[in-house]
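Subject: Structure for you to look through

Hello,

I am passing on the structure we talked about, and I would be glad if you read my notes with the model open beside you. Please take your time over each part and check it by eye as you go.

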Amino acid sequence: MHMADALVSPPVALTAGVAAIALISIASKKVKEYGREDIVPLMGVMGAFVFAAQMINFAIPGTGSSGHIIGGILLSAILGPWAAFITLSSVLIIQCLIFADGGLLALGCNLINMAAVSCLLAYPLVFRPIAGSKMTRTRLIAASIVASVFSLEVGAVLVTLETELSGVTALSTATFLGMMTAIHLAIGLCEGIATAAILCFVDSYQPTLLYSSPSSERRGPKSGNKNFKKIIIGFGIAALIMATGFTWLASENPDGLEWSIEKITGNPELEEAVAPPTALMPDYDSTLAGIFGGLIVMSLLWGICAILFRNRKRKYFDS
Amino acid sequence: MSHHFIKFSDVSFTYPDGHRALKNISFTVTHGEKVALLGLNGSGKSTLLLQTNGLLMPSAGEVNIGDVPLSRQTLKIIRRSVGMVFQNPDDMLFMPTIFDDVAFGPRNMGLPENEVKRRTESALEEVGLSDVAGKAAFQLSGGQRRSAAIAAVLSMEPDILVLDEPSANLDPLARRNLINLLKSFSHTVIIATHDFSLAKELCPRAILLSDGELKADGATSEIIKSFRY
Amino acid sequence: MAGSAFTAAPAMLLVTIIYLVAVLTIPIFQPQKLIWLGAYPIMASEITGIGFLKVLLRSLWILPLVVVIGIFNPILDTETAFVYQGMVISKGWLSLVSIILRGLLSFQALIILIMNTGLINVFNSFSRLGIPSILTTQMLLTYRYIIIIAGEAIVMKRAREARGYGRSNYPIKEWARFVGLLMIRSTNRAKRIHQAMKARGFEGVLPLGSHLKWTISSWLWAIGWVAAIAFLRFYDLSRLFLQFSHRM
């Protein structure tokens, strides 16, 4: 479900980014208030664990293929919704920055579609009610599966919405939506079963790990209705931001950045240097000249700098 | 803190699941002494070590570090005095670079940044890692990581050093470097170890634990000679 | 070690962010601008003493990913951009070159930032901009422990493969046991890390250093580079070059 940069236009990216930032700020405060004593190293290690877990595939019976877990519901069941949201967000951010897995522009959308939906929406609204306060194995499994399907379906709808608003896809909305929901139903089922399997395993071996589990008495309804309401409010704020943002740009030129800059500066020279994507061919003869010329000049620049600053053998961070 | 000694008075500890890990342990380690803590796995060595800086609090009895009795209120002071080097250096090196790891303790103490820098650089120099300070822990060898873990504790300028299996997983050269390093310290030192020759070389005195009880306390070579499985 | 004398962390961070925005918003069919923007990685890496060669080599790691993303463009997009000496250059090729350059340049900027300033100072600067320290701490720790936990996973994988029949994926029950065990080991590790942290005075929030100031040189660095980047982003030096070469 990682969206690539190509699918997202700058205004959509900005809106989603703002919403994601708002949620992260709220989540940070919540974790500071309600988090357990060792929440900081635990979140860090669980983030690393998610990376490792995503490297190990499980076989999908019937098909020849395999899949891996995303982990939103799993993390929430261990860390609680807010801490899980931050952890999963950090994983997505690291994947984006260091592994270039899904672009920087699409980061905001990915954070909302994957992290926020599973941890802040599916977990409290679907998982917790089904699991109940006296959780049994059956309830645990049912909660995992339904919550996972829910979060992936909602995510699919959001992806469709975001690509539509970005004006990128040529498919009709109905077709795209149909495809996405169908595919993500299957993915959701796999994710749900995988989540359930791990949670059951952990419950047999170290039940105290779970935020609240069948086999142990945990801290119980500290995570009760109070948190629940605040989660809803937090999500409501994010939704409001996204709704206003999306309406604003529903009528905008898809490539909003160039357009906005033109309007703001009103500079004719800028217009010349800026190439609107739908225009036919800006003069391309400068392109080739630019590429070759640029390479030559840059090499010269490198040579000059290397000589000029040769003595700067400074200490730097080598990791 | 006037004297760097450790005093256990009739200390007992029981884990939440009911396991009695320490039973009526009493001993005193005085200023500058180097003591080896011997015993099989499960004898209570680690549990005892964790009492020295309050990571575990005794279920009964009292622990004194210098003149300060161990309690919730005195944890901060005691943790500046007692530097603990854990068994697995990777559990101690959690920052992006070695420099940050060694600076972690002084920064937590709220010291101004130039003092942090001074202590960090001096600790790194003491263990011989000054030129790899900018690297991350995973780029270092096992022996270097062990040294980095020790530096991370030295930068807090503790009076007492507590080490858990310091020579585990070290190749002979790294082990020799470790022994030389520990020999050069003037701190009070407690080393929990299975490495008998290290114990004999570094520590004139040894304490033997078995099943949570203090079975022997005396000259290292004597205790090792009569060690029965 | 704590930030270079030349460029304090906030200045470097600001310039890097602006550079990334500049690089990533260049219209896709103008790869020549990207080359001119290469001036920043080249000069910055030399000035800070890291050396462009090192940065360039490390940035090559991103090539496979970027190529995979853009590889279909020349095939799918065959609309002609222009003709040069009888060869037809399609828009698809231009966009491929753009994507590759974008990837390389942005990665290089990040490498320079991290190598010069140190990850922890970068995160501290973020904290000063209002990004919550919990998130930055989180990323620090995750980044640090990925290698260790992934390493554990690989060891467990090998142990299993030695006894098994060498499949690359596992039936769900076995998978759950594998990953569940990995998770329990991870949480136990977290407990030990927490102990090590407490032993050195940790009280809930990671201290991230407190020394990031804006000096005159960092102001100069920031202002100078922001101006240069803005110039290179919006004005196509290629035209100048074209006129220059025509005159020759």
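Strand 6 and strand 7 of chain B run parallel and are joined by four bridges, and within this pairing Met84(B) of strand 6 has Val162(B) in strand 7 as its bridge partner. Please keep in mind throughout that this is a predicted model. In general, strands of a sheet pair through backbone hydrogen bonds, and they do so either in a parallel or in an antiparallel way.

Are the two faces of strand 6 of chain B covered or uncovered? Both are covered, since Val82(B) and Met84(B) on one side are buried, and so are Gly83(B) and Val85(B) on the other. It helps to remember here that the side chains of a regular strand alternate between the two faces of the sheet.

The sheet as a whole

Strand 6 belongs to an open sheet of six strands in chain B, whose order is 6-7-8-3-9-10 and whose pairing is mixed. Which strands stand at the edges? They are strand 6 (82-85) and strand 10 (213-219) of chain B, and because each has a single partner strand, one side of each is left without a neighbour in the sheet. On average, and with direction ignored, neighbouring strands of this sheet are turned by 15° against each other.

Further along the order you come to strand 3 (residues 34-38) of chain B, which is worth following residue by residue. On one side of this strand, Lys34(B), Ala36(B) and Leu38(B) are buried, and on the other side Val35(B) and Leu37(B) are buried, which leaves both faces covered. Why can strand 3 be called largely enclosed by the rest of the structure? A residue counts as buried if 20 or more other C-beta atoms lie within 10 Å of its own, and five of the five residues of strand 3 of chain B are buried, so the strand is largely enclosed.

Strand 3 of chain B runs parallel to strand 8 (residues 188-192) of chain B, to which four bridges join it, and here Lys34(B) stands opposite Val189(B). With strand 9 (residues 205-210) of chain B, strand 3 also pairs in the parallel sense, again over four bridges, and in this case Val35(B) stands opposite Arg205(B). The antiparallel sense appears where strand 9 pairs with strand 10 of chain B over six bridges, with Leu209(B) standing opposite Leu214(B).

The helix across the sheet

Helix 1 (residues 45-52) of chain B lies across strands 3, 6, 7, 8 and 9 of that chain, and it runs at about 155° to strand 7. Seven of the eight residues of helix 1 of chain B are buried, so this helix too is largely enclosed by the rest of the structure. The buried residues in helix 1 include Leu48(B), Leu49(B) and Leu50(B), and also Lys45(B) and Gln51(B). After helix 1 of chain B comes Gly54(B), whose phi is positive, near 80°.

Two residues to look at by eye

A positive phi is also found in two residues of chain B that are not glycine. One of them is Asn24(B), with phi near 50°, which is found in strand 2 (residues 20-29) of chain B and is partly exposed, with 14 other C-beta atoms within 10 Å. Another is Glu157(B), with phi near 55°, which lies in the loop between helix 6 (142-154) and strand 7 of chain B and is partly exposed, with 16 other C-beta atoms within 10 Å.

Where chain B touches chain C

The contact takes 26 residues from chain B and 24 residues from chain C. On the chain B side, helix 3 (89-92), helix 4 (98-108) and helix 5 (113-127) each supply at least two residues, and helix 4 gives the most, with six residues. By class, this side of chain B has 14 nonpolar, five polar and seven charged residues.

Chain A

Chain A has 11 helices and two strands, and 46% of its 319 residues count as buried. Among the contacts in chain A between residues at least 6 apart in sequence, 73% join residues at least 24 apart.

Best wishes

How values were computed
Residues numbered from 1 in each chain as written. Chains lettered and ligands numbered in written order. Predicted model: local features only at pLDDT ≥ 70, side-chain atom pairs only at ≥ 80, totals over all residues. Buried ≥ 20, exposed ≤ 12 C-beta atoms within 10 Å, placed from the backbone. Pairing = 2+ DSSP bridges. Axes fitted to C-alpha atoms, helices over the stretch in contact; angles between N-to-C directions. Contact = placed C-beta atoms within 7 Å. Nonpolar A, V, L, I, M, F, W, Y, C, P; charged D, E, K, R; others polar.
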